[in-house]
Amino acid sequence: MGSFDTFLQQVFNGLVLGSLYALIALGYTMVYGIVNLINFAHGDVLMVGALTALSAITLAHATAPGLPGWALMIVGMAAAIVVCILLSLLIERVAYRPLRNAPRLAPLITAIGVSILLQTVSMLIWGRNHLTYPQLLPADPIAIGPATVTATKLAVIALSGIIMFGLLVLVQRTRLGRAMRATAENPRVAGLMGVNPNAVIAATFAIGAALAAVAGVMYAAVYSVAHFYMGFIPGLKAFTAAVLGGIGNIPGAMLGGILLGLIEALGAGYIDQLSGGVFGSNYQDVFAFIVLCAVLILRPSGLLGERVADRA
Amino acid sequence: MTPVRAPATADPQSAAARRRALLTGLAITAVVLVLPLAAGWLGTAWVRALAFAALYVMLALGLNIVVGFAGLLDLGYIAFYAVGAYTFALLASPHLTDNFPAIALAFPGGLHVPIWVAIPLGATIAAGFGVLLGAPVLKLRGDYLAIVTLGFGEIIRIFLNNLNRPLNFTNGPQGINLIDPVRIGIVSFDRPLDVLGVQLTSPQLYYYLFAALAALSALVCARLQDSRLGRAWMAIREDETAAKAMGINVRNVKLLAFGLGATFGGVAGAMFGAFQGFVSPESFSLMESVIVLSMIVLGGLGHIPGVIFGAVLLSVFPEVLRHTVGPLQEQIFGRIVIDTEVLRMLLYGIALVVIMLYRPRGLWPAPLHGTARAPGGGDAPPPANRAAGGVEP
């Protein structure tokens, strides 16, 4: 396997990872665009989605053993989406809405508290151990050119692409999308124009949660494991992706996600050679943080964001 | 003849207030001194809990400088604790001599740096890391600052976890053990000591040391709060642009906040290493940063007595839980339904959310401007026109 083959393989892996980050980053960016809040608990919504889907899949398999793998996957995703939407609506109503006009520190600390709560409740429901995700789609490797892919990874890329396209259509072409853009720009004037800001904000949280649920199920399917702490690192990296693309900017989140996935996959693949063996691929997570710091210091508005003098 | 010079304490109220403060201080000191002896009756675990409470007080005071005084939300504070702990661990354990022959040659008797070198060194290195963290994030505020500091804390933990190849600096996930205990003169803190006829066990000795350090930290913080630097911190917390307009060098003041806050963390970390005798990256996770943050948020952000109260409450309460809820669950349900560790985390989460929703200034907040001095304490001033016969407003 030549070095170009390795490169292609890593590019493919990067696209898979990047699609997942993009989906999660969209949740962060939409919420930040509309209420100026970093939803710390977003990564944990992802985790709840993945674990809910696992329970649903196990239940479905027990009651209807004849169902094919892809049907089980759909059942799991549907269950995850429903639960995550309800969960995020609850969180928004109880923890974030009362603090909408509070000083900046308060919603941030509340979000941290919600994140801890989600992790602990999940620990109580699903236990502390790593749970195995069943292989629902055929696991035989398919060769695309020199790169080896699996059906699951192809499904991730395809599904993410469809969802992102759908979201762009939603935001640009529908009434709800127009209402979301208006509320993001100026909630009070949007209210004067007949938009219900509370409903729009709730809808934004719900859409973000649905995306996170899908991303969570796919993340667990790709890595074949799910546990109560799985949302933290992907959540943080997705936030980095959102900032990279320009927070509040939807195409930016998609671009940032894909870019970050590529940077991480290529970096992890080549860091051994680049650093002469000092740093190995176990430093993979550090890449995202370095990217984050670099973006915030050098270009805080992100790749597609508007230039802002002082990011508050 | 009436006296020409009024006595120094002319105001009877301030004299009474000073007397009250002195008595409260003496009472608190007495409790602090006697507590470990009483706890010793109940068991060593309680004394250790008290010692950890004192460490957490130091950490909380340090984080209070960054978050409470200067308003810079730091979610990676535990990194400085880790730096202090690992510094002491590397300087006072056989790890470096075991892994680097050159160092073994230079120090044939082993590396046993005494604490009066190790503590300042740990503090200085932690302060260096604090400035290192602060320098690139000066322009960031609020949410972004929180995330970047969180990332920094995680980076430190990942590096500590992985710096065992190719050169074994930190021994990776296994951590460094066989760390020297604190030695002052000929007294070694890992052995019981006879003081004035009272036999003090090792945890009790550590407790007194940590309590003294915590008291010193509180004193330093109190002096800082009322100094020019402290006021500069509060100015940039309230309104950075106005502070700049008033001539405050915001960059230096922020760096000082990070650096000084990190110093407290470094000292606490070094003491933690000596106390526990073992450090590993597991003790320095994000959850620990969040715990210290919840201590100062719960106690009263920016208010030193509140912060101390929050730290003591949130570090002793889990121990109380462990001893009461466990047996209680056994009695009621016949088995442990909720593990106390999980319960502890659950309560932290609930506490953070509930406090922010209902008492955002904490359980013991600083008195608001203008209300502490009035005799009624917080009552609105009487309406001005009452004496004049009252005109309808």
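Visitor: Why are H13(B) and H14(B) called oblique to each other?

Guide: In this predicted model, helix H13 (residues 304–333) of chain B and helix H14 (residues 340–358) of chain B pack at an angle of about 130°, and their axes lie 10 Å apart. Roughly perpendicular covers 65 to 115 degrees and roughly antiparallel begins over 145. An angle of about 130° falls in neither range, so H13(B) and H14(B) are oblique. The crossing in which H13(B) passes H14(B) is right-handed.

Visitor: Which residues make the contact between H13(B) and H14(B)?

Guide: H13(B) contributes Pro318(B), Leu321(B), Arg322(B), Val325(B) and Gly326(B), while H14(B) contributes Thr340(B), Leu343(B) and Arg344(B). By class, the residues of this contact are four nonpolar, two polar and two charged.

Visitor: What makes Gly326(B) of that contact a polar residue in such a division?

Guide: The classification places Gly among the polar residues, and Gly326(B) is one of the residues of H13(B) in the contact. Gly326(B) is therefore counted as polar.

Visitor: How do you know that Ala351(B) is buried?

Guide: Ala351(B) has 21 other C-beta atoms within 10 Å. A residue is buried if that count is 20 or more, so Ala351(B) is buried. Ala351(B) is placed in helix H14 of chain B. Apart from neighbours within four places in sequence, Ala351(B) is in contact with Ser294(B) and Leu298(B).

Visitor: What separates the C-alpha atoms of Ala351(B) and Ala89(B)?

Guide: A distance of 34 Å separates these C-alpha atoms, and the two residues are 262 residues apart along the chain.

Visitor: Why are H2(B) and H8(B) described by the orientation they have to each other?

Guide: The axes of H2(B) and helix H8 (residues 202–225) of chain B come within 9 Å and cross at roughly 20°. Angles under 35 degrees count as roughly parallel, so H2(B) and H8(B) are roughly parallel to each other. Their crossing is left-handed. The residues of the contact between H2(B) and H8(B) comprise 19 nonpolar, five polar and one charged.

Visitor: Which residues touch the most other members of the largest nonpolar core?

Guide: That core has 221 residues, and those touching the most other members are Ala50(A), Cys84(A), Ala54(B), Leu55(B) and Ala60(B). Helix H2 (residues 44–69) of chain B supplies the largest share of the core, 20 residues.

Visitor: What makes Ala60(B) a buried residue?

Guide: Membership of the core answers this. A nonpolar core is a set of buried residues, and Ala60(B) belongs to the largest one, so Ala60(B) is buried. Leaving out residues up to four places away in sequence, Ala60(B) touches Val292(B), Met295(B), Ile296(B), Val307(B), Gly310(B) and Ala311(B).

Visitor: How many residues does each chain give to the contact of chains A and B?

Guide: Chain A gives 34 residues and chain B gives 31 residues. On the side of chain A that touches chain B, helix H4 (105–126) and helix H11 (284–298) of chain A each supply at least two residues. H4(A) gives the most to this side, with 13 residues. By class, this side of chain A has 25 nonpolar, five polar and four charged residues.

Visitor: What is the make-up of chain B as a whole?

Guide: Its secondary structure consists of 14 helices and six strands. Of the 393 residues in chain B, 43% are buried. Among contacts in chain B between residues at least 6 apart in sequence, 74% link residues at least 24 apart. Along the principal axes, the C-alpha atoms of chain B fill a box of roughly 90 × 60 × 55 Å.

Conventions:
Residues numbered from 1 in each chain as written. Chains lettered and ligands numbered in written order. Predicted model: local features only at pLDDT ≥ 70, side-chain atom pairs only at ≥ 80, totals over all residues. Contact = placed C-beta atoms within 7 Å. Helix = DSSP H or I, 4+ residues; strand = E, 2+ residues; numbered from the N terminus. Axes fitted to C-alpha atoms, helices over the stretch in contact; angles between N-to-C directions. Left-handed = near helix turned anticlockwise from the far one by under 90°. Core = buried A, V, L, I, M, F, W, Y, C linked by C-beta atoms within 7 Å. Buried ≥ 20, exposed ≤ 12 C-beta atoms within 10 Å, placed from the backbone.
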